[in-house]
Amino acid sequence: RHALDLLGEACSSMGSRLFMRIREELGLAYYTGAQSQPGISSGHFSFYAGTSHGQLEQVEQELLAEAGKLRQDGLTDEELRRAKAKVIGQKKIGRQDLGGLAIATGLDELYGLGFAASEEEDEKIDAVTPREVQQAAQKYLRPGNCVMAVAHP
């Protein structure tokens, strides 16, 4: 779970490989990123992009190519360092108010982790290795598991 969270964060900033390749270099999308959404029985990891209809196929191919690079090479040390800092920071901010703390502890209980699991989460995130992120990419970012969804205005 933590490796996928870090993978999603590393692919979502304005300096991410997705943004730099698809938006800045190729000019194919208004925005692009990724997200990890865990669930009780299953969840999903998704890449997304906002593009025009005429560029949809090329954006799809670029996202699949980037997923392939993540499977093959994983994240760089710098990408992982930035992702860890951002995810840990966001989680700390989220636990500062009672609503965020209630959601975190409630979900931890629902997932069977125990209500105090979020207290140890920062250390677990920080302990994720580049190899663990690459293994997660190899397991979950396989083309045969891919579902493409397109939403039009």
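This is a guided tour of one structure, with a suggestion at each stop of what to select next. Keep in mind throughout that the model is predicted.

**First stop: helix H1**

Begin by selecting helix H1, residues 2–10, and leave the rest of the chain visible around it. Nine of the nine residues of H1 are buried, so this helix is largely enclosed by the rest of the structure. The buried residues of H1 are His2, Ala3, Leu4, Asp5, Leu6, Leu7, Gly8, Glu9 and Ala10. If you now add its surroundings to the selection, you will find that the cover over these buried residues includes S1, S2, H3, H4, H7 and helix H6, which spans 121–126.

Within H1, pick out Gly8, which is buried at a relative accessible area of 4%. Leaving out residues up to four places away in sequence, Gly8 touches Ala34 and Phe45. A distance label drawn from the C-alpha of Gly8 to that of Gln35 should read 4.6 Å, although the two residues are 27 apart in sequence.

**Second stop: the largest nonpolar core**

Keep H1 selected and widen the view to the largest nonpolar core, which has 27 residues. In soluble globular proteins, nonpolar side chains tend to be buried together. To find your way into this core, select Leu6, Leu7, Ile22, Leu70, Leu75, Val133 and Leu141, the residues with the most contacts inside it. The elements that give two or more residues to the core are helix H1 (2–10), helix H2 (17–25), helix H3 (56–73), helix H4 (77–94) and helix H7 (130–140). Of these, H1 provides the largest share, with five residues.

Which residues does Leu75 contact, once neighbours within four places in sequence are set aside? Selecting Leu75 and its surroundings brings up Leu6, Leu7, Ala10, Arg17, Leu70, Leu80 and Val133.

**Third stop: helix H7 and its buried side**

Now select helix H7, and within it colour Val133, Gln134, Ala136 and Ala137, which are its buried residues. They cover an arc of only 155° around the axis, which puts them on the same side of H7. What covers these buried residues includes H1, H3 and H4.

For another residue of this helix, choose Glu132, also in H7, which counts as partly exposed at 37% relative accessibility. Apart from neighbours within four places in sequence, Glu132 is in contact with Ala3 and Ala127. A longer line across the model can be drawn from Glu132 to Gln58, since their C-alpha atoms are 30 Å apart, with their positions 74 residues apart in sequence.

**Fourth stop: Glu62 in helix H3**

Move next to helix H3 and select Glu62, which lies in it. Is this residue buried or exposed? Glu62 is buried, with a relative accessible area of 12%. Not counting residues up to four places away in sequence, Glu62 touches Arg21, Ile22, Leu26 and Leu28.

**Fifth stop: the two largest pockets**

Rolling a probe the size of a water molecule over the atoms shows where empty space is left. In this model the largest pocket holds about 1300 Å³ of space. It is lined by 45 residues, and to centre the view on it you can select those closest to its centre, namely His44, Phe45, Ser46, Phe47 and Val147. H1, strand S1 (31–37), strand S2 (44–50), H3 and H7 each supply at least two residues of this lining. By class, the lining of the largest pocket divides into 25 nonpolar, 15 polar and five charged residues.

The second largest pocket has a volume of about 660 Å³. Of the 23 residues that line it, Arg1, Asp5, Lys91, Leu107 and Glu121 are the closest to its centre. H1, S1, H4 and helix H5 (98–110) each give at least two residues to this lining, and H5 gives the most, with five. The lining of the second largest pocket has seven nonpolar, nine polar and seven charged residues.

**Last stop: Gly39**

Finish at Gly39, in the loop between S1 and S2, which counts as partly exposed at 31% relative accessibility. The C-alpha atoms of Gly39 and Leu107 are separated by 9.9 Å, while the two residues are 68 apart along the chain.

Technical notes:
Residues are numbered from 1 along each chain as its sequence is written. This is a predicted model: local features need pLDDT of at least 70, side-chain atom pairs count only at pLDDT 80 or more; totals for chains, interfaces and linings use all residues. Side-chain values use heavy atoms; hydrogens and water are left out. A nonpolar core is a set of buried Ala, Val, Leu, Ile, Met, Phe, Trp, Tyr and Cys residues joined through side-chain atoms within 4.5 Å. Buried means under 20% relative accessible area, exposed over 50%, partly exposed in between (1.4 Å probe, protein chains only). Helices (H or I, at least four residues) and strands (E, at least two) are DSSP runs, numbered from the N terminus. Contact means heavy atoms within 4.5 Å. The arc is that of the directions from the helix axis to the C-beta atoms. On a 1 Å grid over the protein atoms alone, a cavity is a set of points where a 1.4 Å probe fits but cannot get out, and a pocket is an open set with protein on both sides within 12 Å along at least five of seven lines; lining residues have an atom within 4 Å of a point. Grid points are joined across faces, edges and corners, and a volume is the space filled by probe spheres set on the points. Ala, Val, Leu, Ile, Met, Phe, Trp, Tyr, Cys and Pro count as nonpolar, Asp, Glu, Lys and Arg as charged, and the others, Gly among them, as polar.
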